[in-house]
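Trainee: I am new to this model and would like a close look at one end of it. Please start with a single residue there and then show me how its surroundings fit into the whole.

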Amino acid sequence: MPPPTSGRARPLSPHLQIYRPMLSTAMSIFHRITGTALAFGMLVLVGWLLAASMSDGCFALIEGFFYNWFGRLVLFGFTWALIHHALGGLRHFVWDTGRGFALNHVEWLVRANVIGSIVITLLIWVIGYGVRG
């Protein structure tokens, strides 16, 4: 048995040399990130509901946060994460049926997920501001 530090050059794994990041890989990571963000967003939603049930002062404090630009940015990000995660779930549902595994279909579904989540989020906010007046 050779000693553990024999000084010979050991071969590297070939995947490290040929690895190229793909959009579907990034979407898999984003799906996990949006899931985690949604969990924290649900805590904020529970806090908002608790504040509404506690007192007018607590509710006004939380509403004050959501009416400034940073609060709206948080809500916009929460909306996008929700839509992105839902569309990602639909993409996985299609794959669960055994369809969409061809490489061009995978790329199409991933791009549709990104574009669809942005468009639907913008539509929700435009409609929301339109209804609000």
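**A close look at helix α5 and its surroundings**

Mentor: Happy to! Let's begin with G130, which sits in helix α5. A helix here is a DSSP run of H or I with at least four residues, a strand is a run of E with at least two, and both are numbered from the N terminus. Before we go on, please keep in mind that this is a predicted model, in which local features need pLDDT of at least 70, side-chain atom pairs count only at pLDDT 80 or more, and totals for chains, interfaces and linings use all residues. Residues are numbered from 1 along each chain as its sequence is written, and side-chain values use heavy atoms, with hydrogens and water left out.

Is G130 buried or exposed? At 57% relative accessibility, G130 counts as exposed, because that label applies over 50%, while buried means under 20% and partly exposed is in between (1.4 Å probe, protein chains only). Measuring tape in hand, so to speak, we can also look from G130 to L49: the two are 81 residues apart in sequence, and their C-alpha atoms are 25 Å apart in space.

Helix α5 covers residues 103–132, and it has a part in the largest nonpolar core. That core has 5 residues, namely M27, W95, V106, L109 and V110, and helix α5 gives the most to it, with 3 residues. A nonpolar core is a set of buried Ala, Val, Leu, Ile, Met, Phe, Trp, Tyr and Cys residues joined through side-chain atoms within 4.5 Å. Take L109 from that set: beyond its neighbours up to four places away in sequence, L109 touches R91, V94, W95 and G100. Contact here means heavy atoms within 4.5 Å.

Now let's step over to helix α4, which runs over residues 69–96. Three of its residues are worth a visit. T79 is found in this helix and is buried, with a relative accessible area of 14%. Setting aside neighbours within four places in sequence, T79 is in contact with T121, I124 and W125. H84 also lies in helix α4, and at 1% relative accessibility H84 counts as buried. What does H84 touch, not counting residues up to four places away? The list is M27, F30, H31, T34, N113 and S117. M27 belongs to the largest nonpolar core as well.

The third residue is A81, again in helix α4, and buried at 4% relative accessibility. Leaving aside neighbours within four places, A81 is in contact with T34 and L38; T34 is also on the contact list of H84. The C-alpha atoms of A81 and F30 are 9.0 Å apart, although 51 residues separate the two in sequence.

Helix α3 gives us two further points of view. This helix spans residues 56–67 and holds C58, which is partly exposed with a relative accessible area of 30%. From C58 to G116 the C-alpha separation is 36 Å, with their positions 58 residues apart along the chain. F65 lies in helix α3 too and counts as partly exposed at 34% relative accessibility. F65 touches F70, G71 and V74, again not counting residues up to four places away. Its C-alpha atom is separated by 39 Å from that of E107, 42 residues away along the chain.

Finally, let's place these pieces in the whole. The protein comes to 5 helices and 0 strands, in the order α-α-α-α-α. Its radius of gyration is 23 Å, well over the 14 Å that the globule rule gives for 133 residues, so the protein is more spread out than a compact globule. That radius is taken over C-alpha atoms, and the rule is 2.2 Å times the number of residues to the power 0.38. Along its principal axes, the C-alpha trace spans about 75 × 40 × 25 Å. Buried residues make up 20% of the 133 residues. Among contacts with a separation of 6 or more, 70% come from residues 24 or more positions apart.
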